[in-house]
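Hi,

Here is the structure I promised to pass on. Have a look at it first, and then read on for what turned up when I went through it.

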Amino acid sequence: MPDTHPASAPSSSKLREVPPTAIIIFGASGDLTARKLIPALYNLNLDNLLPTDFYLFGFGRSSLPDSEFQQLNITHIKDFSRRLFNADKWSTVQSKTYYQTGSYETLSDFIILKEKIDALEKNIGKPIQLLFYLSTPPTVFKPTLENLGNSGLASRHLGTKLASKVIIEKPFGRDLGSAHDLNAIITHQFQENQVFRIDHYLGKETVQDLLILRFANSIFEPIWNLNYVNYVEITVAESLGVGKRGGYYDQSGALRDMIQNHIMQLLSLIAMEPPISTDPEDIRNEKVKLLKAIQPVKLAVDGGDVVRGQYEEGLIAGEKVPGYLQEADIYPNSYTETFVALKLLINNWRWNGVPFYVRSGKRMARRVSEIAIHFKYPHGSLFKEASKYDLIPNTLVIQIQPDEGSTLIINCKVPGLETRTQPIKMHFRYATTFGSETPEAYERLILDAMLHDNTLFIRSDEAETSWKLCTPILNFWQECKHHGLEKYTAGSWGPTTATELLWNDKHEWRKIDA
Ligand code: BG6
């Protein structure tokens, strides 16, 4: 029996059907609702992925009649959906969209919501699952969760497939202590399998493909270890500044905003051991094991394994942009970091001694997220007699965004009568192979939550393990204040000390434009 399969063999896919559902968005007049949540629901509906019995409730402090909330949602779809607005198609959801003015601290407002939902269930003659979306500032997570519990909304249909669920937006705590407290509040009202802590990076197609790349191909896994890999880079760079989010960002900074969550997720998926199945718990167990194996980061103002920076005025795409301290709602003497680079070491059998360099920053040269696996130099000196024949070590670059795809850089013979080599790139691009119509991260994640699949959500111990690594760094910076905070020009690749972090190990960041 040959162990090959025809190229056209169908890939495995699960047919999943969403039960009758009501999604209740807390923070319904917020930016996330406008930009991401309503457009995601619109696109799910366009693809016939919402059930016939689908209901949308907005909950917020602003006083709005249902009709105004419905109208606002149309504006959000027109402004932010990846596909054009189709009024006919949306009318089915529109007619089942309601708004409730309420305070997150007031139990009676939650009881009114519950009565509305009870009446709805009675009216349609069947039970519905409730999906609560906490898209509010974190300051009101606690009262909202408590009122969901005290009103009985959290425990509806418990033990059945229709049990209430809660999606929680980031930031999930500010440090280990606050994340732990938040977990305690949540698990007082909900069971862990009702909780969906969101990290939108996990909803990105390219991030989901990391597991397929590693574990559905036989060529990568044998070389995915310290015997073949020299070092790994993870870059999540943004060219945008803090924009209108200065108030939030100045209290947060790049470590909390990007590293603790998005980058740690990328790192755990790229470095974890193969899970024993695709069951959510099996995958999340491996991610937690990996996070636990990361060694505490070496902290020192000079010569530590962490670099932090803050952008100054500069040019982005030829346009002058202000420095961080000149942005709106930033404390004039702020030492909040807008850039972080870290060297991480993983203390396990697979990765011992292989450095993982990660960096993320705002106002960097361009928007790009990628993972680069740098393999070791080819053995021997067969083609090294003359310097012009220099061989490069192979690199596998996984482009998370934009221009999603992957590139393998290998040595190749230049055609001609003499033996000359040149590095070449083997490219795969999602847009070329599959077209550009890929769903947005929030579409996938909301659908998964409705289907009760928490594979792409963060488990409580995962969040806490990642905070355990980041909290000592935050405490160290708190003590150092401005000391050790490097400035970098907007439009650059960050502070020079980030380059030195790799130079010290005789490595360098990949030239991303190259
Ligand atoms: C968010 C951060 O989680 O991710 C933002 O709060 C950041 O500061 C954003 O800009 C980046 O997301 P994406 O999907 O644009 O890479």
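Let me start with Gln189, which sits in helix H6, spanning residues 176–189. Keep in mind that this is a predicted model. Gln189 has a relative accessibility of 16%, and since anything under 20% is called buried, it counts as buried. Apart from neighbours within four places in sequence, Gln189 is in contact with Leu145, Glu146, Gly149 and Ala154.

Asp66 is another one I looked at. Its home is helix H2, residues 66–80. With 30% relative accessibility, Asp66 comes out as partly exposed, because that value falls between the 20% and 50% cut-offs. If you set aside the neighbours within four places in sequence, Asp66 is in contact with Thr97, Tyr98 and Tyr99. For Tyr99 there is an atom pair to point at: the Asp66 side chain reaches the backbone nitrogen of Tyr99 at 2.7 Å. In the same stretch of chain, Gln100 has its C-alpha atom 7.9 Å from that of Asp66, though the two residues are 34 apart along the chain.

Now the sheet. Nine strands form an open sheet with mixed pairing, in the order S16-S15-S14-S13-S7-S12-S11-S8-S17. Strands S16 (421–429) and S17 (485–489) are at the edges; each has a single partner strand, so one side of each has no neighbour in the sheet. From one strand to the next, the twist averages 20°. Strands S7 (residues 229–237) and S12 (residues 355–361) run parallel and are joined by six bridges. Within that pair, Glu233 has Tyr357 in S12 as its bridge partner. Helix H9 (residues 254–271) packs on the sheet, where it touches S7, S11, S12, S13 and S14, and its direction makes about 145° with that of S12.

H9 also leads over to the ligand, since it gives the most to the surrounding shell, with three residues. The residues around the ligand include Lys170, His200, Tyr201, Lys204, Asp257, Met258, His262 and Gln401. Which side chains have an N or O atom 2.5 Å or 2.6 Å from a ligand oxygen? For Tyr201 the distance is 2.5 Å, and for Asp257 it is 2.6 Å. The side chain of Gln401 also has an N or O atom 2.7 Å from an oxygen of the ligand. Taken alone, the ligand exposes 400 Å², of which the protein buries 79%.

Cheers

Note on methods
Residues numbered from 1 in each chain as written. Predicted model: local features only at pLDDT ≥ 70, side-chain atom pairs only at ≥ 80, totals over all residues. Heavy atoms only, no water. Helix = DSSP H or I, 4+ residues; strand = E, 2+ residues; numbered from the N terminus. Buried < 20%, exposed > 50% of the residue type's maximum accessible area, 1.4 Å probe, protein only. Contact = heavy atoms within 4.5 Å. Polar contact = N/O pair within 3.5 Å; in protein donor to acceptor, adjacent residues only side chain to side chain. Pairing = 2+ DSSP bridges. Axes fitted to C-alpha atoms, helices over the stretch in contact; angles between N-to-C directions. Near = heavy atom within 4 Å. Areas by Shrake-Rupley, 256 points an atom, 1.4 Å probe, with all protein chains shown as cover.
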